[in-house]
Each structure stands twice: as structure tokens, then as C-alpha cells.
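Please examine the sequence and the structure shown here before reading on. The explanation is meant for a reader who has not met this chain before.

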Amino acid sequence: MSDYCELAPGHPFHGPYHDHEYGFPVADDTILFERLALEINQAGLSWLTVLKKREAFRRAFDGFSIERVAAYGEAERVRLLGDAGIIRNRLKVEAVIHNAGVIQALQESHGSFRAWLDHLHPLSHGDWVKRFKRTFKFTGPEITGEFLMSTGYLPGAHRDDCPIQACILAAAPPWTRSRE
């Protein structure tokens with residue numbers, strides 16, 4: 001995302017995300033779930049809109065507690081759809097709740113969401129998209145690709161001449177390692 005490497009430095013929202021999160025490997029399932037939920041909510045909107053609402057999303061979705069969100073019922077759905085701090089789209093809200101349940105099942109079958117991702121790695125972008133479409137709701141090519149780039153499973157988050165790229169490579173994200 002070469003334009004991001006030019007746009008982000010010094011920006012109050014893009015800068016910290018670009019410099020400390022985007023493209024770095026993620027081990028924590030809660031953070032992985034948050035990234036997936038944010039990418040789903042970004043669909044059709046700017047990433048800046050999502051970053052500005054990030055804290056409101058964290059509050060609205062109980063810190064992205066997978067267990068809590070997976071247990072949401074109708075009252076929580078109504079609450080979320082009435083929360084002006086987040087993106088109030090029924091399909092997106094339903095997808096986040098549904099996907100929390102899917103992640104719970106992946107944790108049971110693979111030990112963690114991350115272990116499931118690691119088990120599948122490496123896949124091509126197209127194969128990841130197929131797998132995500134079969135597994136999750138509201139995950140097309142763009143959402144899947146951005147989620148996987150942002151968490152280190154696909155390359156392309158930073159240009160080679162971006163100073164953060166060296167930090168990414170030092171962190172050894174999954175895309176830099178081949179399956180043995």
C-alpha cells in the first residue's frame with residue numbers, strides 16, 4: 001500500500017497505525033478479531049473513518065472479547081445499531097457477532113484463531129479469500145486481503161523503501177517464512 005507509506009507519517013490516526021500495527025505479526029486472538037471486525041466495518045468507507053471510531057468500537061464490542069461478542073443476543077444488536085459512535089450497519093454488526101462465534105469454534109478446533117491462520121499459511125490471496133468466504137461472513141477479497149496484510153499473513157503493507165518495512169521484516173511476519 002505505497003500511498004499509505006506517504007500519507008500516514010505524522011498523521012494523528014494513520015501515523016500510529018502505520019508505524020506500530022499495520023503489517024506486524026499479531027499473536028493475540030483478541031487483536032486478530034478486532035482487526036477483522038474493523039476491516040469488515042471499513043467496507044465502503046475510508047480507513048480514517050474506522051480509525052477515528054476505533055475506541056468507540058472497542059467500547060461497543062466489549063473490548064472485542066470474543067466470548068462476550070459471540071454471546072450477544074437481540075438486546076446487544078439493538079444497542080449496537082443505536083450506537084452513533086460506531087458504524088451502524090446491520091449486516092456488519094451481524095457479521096462481527098457471527099464471526100466471533102466462528103473464531104470460538106476455531107479456538108476449540110485449533111487452539112487459537114492464530115493457530116488456524118498459521119495452519120493454513122501460506123496460501124495465495126485467492127485461496128485465502130475462498131477460505132475466508134467459506135468460514136466467515138462479510139469477507140470478500142478486499143476485506144480478507146487487508147486483514148491478512150495488516151496482520152502479517154500477506155506482504156504489501158509497506159513499500160520496500162518505507163522505514164517501517166525494516167521493522168516489519170525484523171518481526172518476521174508469517175509471509176516472510178515458508179512452511180516447512
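The paragraphs below move from the whole chain to one helix, then to a cavity, and finally to several individual residues.

The model is a predicted one. Its chain contains eleven helices and zero strands, and the order of elements from the N terminus is accordingly written α-α-α-α-α-α-α-α-α-α-α. The radius of gyration is 16 Å, close to the 16 Å given by the globule rule for 180 residues, so the chain is as compact as a globular protein of that length. Along the principal axes, the C-alpha atoms fill a box of roughly 50 × 40 × 25 Å. Of the 180 residues in the chain, 46% are buried. Among contacts with a separation of 6 or more, 63% are made by residues 24 or more positions apart.

Helix H9, which spans residues 125–135, shows how burial is arranged on a single element. Which residues of H9 are buried? They are Trp128, Val129, Phe132 and Thr135. These four lie on the same side of H9, because they cover an arc of only 135 degrees around the axis. On the other side of H9, the exposed residues are Lys130, Lys133 and Arg134. What covers the buried residues of H9? The cover includes helix H3 (29–42), helix H7 (90–110), helix H8 (113–120) and helix H10 (141–150).

Helix H3 also holds glutamine 42. Is this residue buried or exposed? Glutamine 42 has a relative accessibility of 16% and therefore counts as buried, since the cut-off for a buried residue is under 20%. Leaving aside residues up to four places away in sequence, glutamine 42 touches Trp47, Val50 and Lys92.

Attention now turns to enclosed space. Rolling a probe the size of a water molecule over the atoms shows where empty space is left. The structure has one cavity of 30 Å³ or more, and the largest cavity holds about 40 Å³ of space. The residues lining the largest cavity are Gly23, Met149, Leu154, Pro155, Gly156, Ala157, His158, Gln165, Ile168 and Trp175. Sorted by class, this lining consists of six nonpolar residues, four polar residues and no charged residues.

Several features of the backbone complete the picture. Histidine 121 and proline 122 are joined by a cis peptide bond, with omega at about 0 degrees. Proline 122 has its place in the loop between H8 and H9.

Where does aspartate 62 lie? Aspartate 62 is in the loop between helix H4 (47–60) and helix H5 (66–70). The phi angle of aspartate 62 is near 50 degrees, a positive value in a residue other than glycine. With a relative accessible area of 31%, aspartate 62 is partly exposed.

Alanine 172 likewise has a positive phi, near 50 degrees, and is a residue other than glycine. Alanine 172 occurs in the segment after helix H11 (163–171). Its relative accessible area is 28%, and alanine 172 is thus partly exposed.

Notes:
Residues are numbered from 1 along each chain as its sequence is written. This is a predicted model: local features need pLDDT of at least 70, side-chain atom pairs count only at pLDDT 80 or more; totals for chains, interfaces and linings use all residues. Side-chain values use heavy atoms; hydrogens and water are left out. Buried means under 20% relative accessible area, exposed over 50%, partly exposed in between (1.4 Å probe, protein chains only). Helices (H or I, at least four residues) and strands (E, at least two) are DSSP runs, numbered from the N terminus. The arc is that of the directions from the helix axis to the C-beta atoms. Contact means heavy atoms within 4.5 Å. On a 1 Å grid over the protein atoms alone, a cavity is a set of points where a 1.4 Å probe fits but cannot get out, and a pocket is an open set with protein on both sides within 12 Å along at least five of seven lines; lining residues have an atom within 4 Å of a point. Grid points are joined across faces, edges and corners, and a volume is the space filled by probe spheres set on the points. Ala, Val, Leu, Ile, Met, Phe, Trp, Tyr, Cys and Pro count as nonpolar, Asp, Glu, Lys and Arg as charged, and the others, Gly among them, as polar. The radius of gyration is taken over C-alpha atoms; the globule rule is 2.2 Å times the number of residues to the power 0.38.
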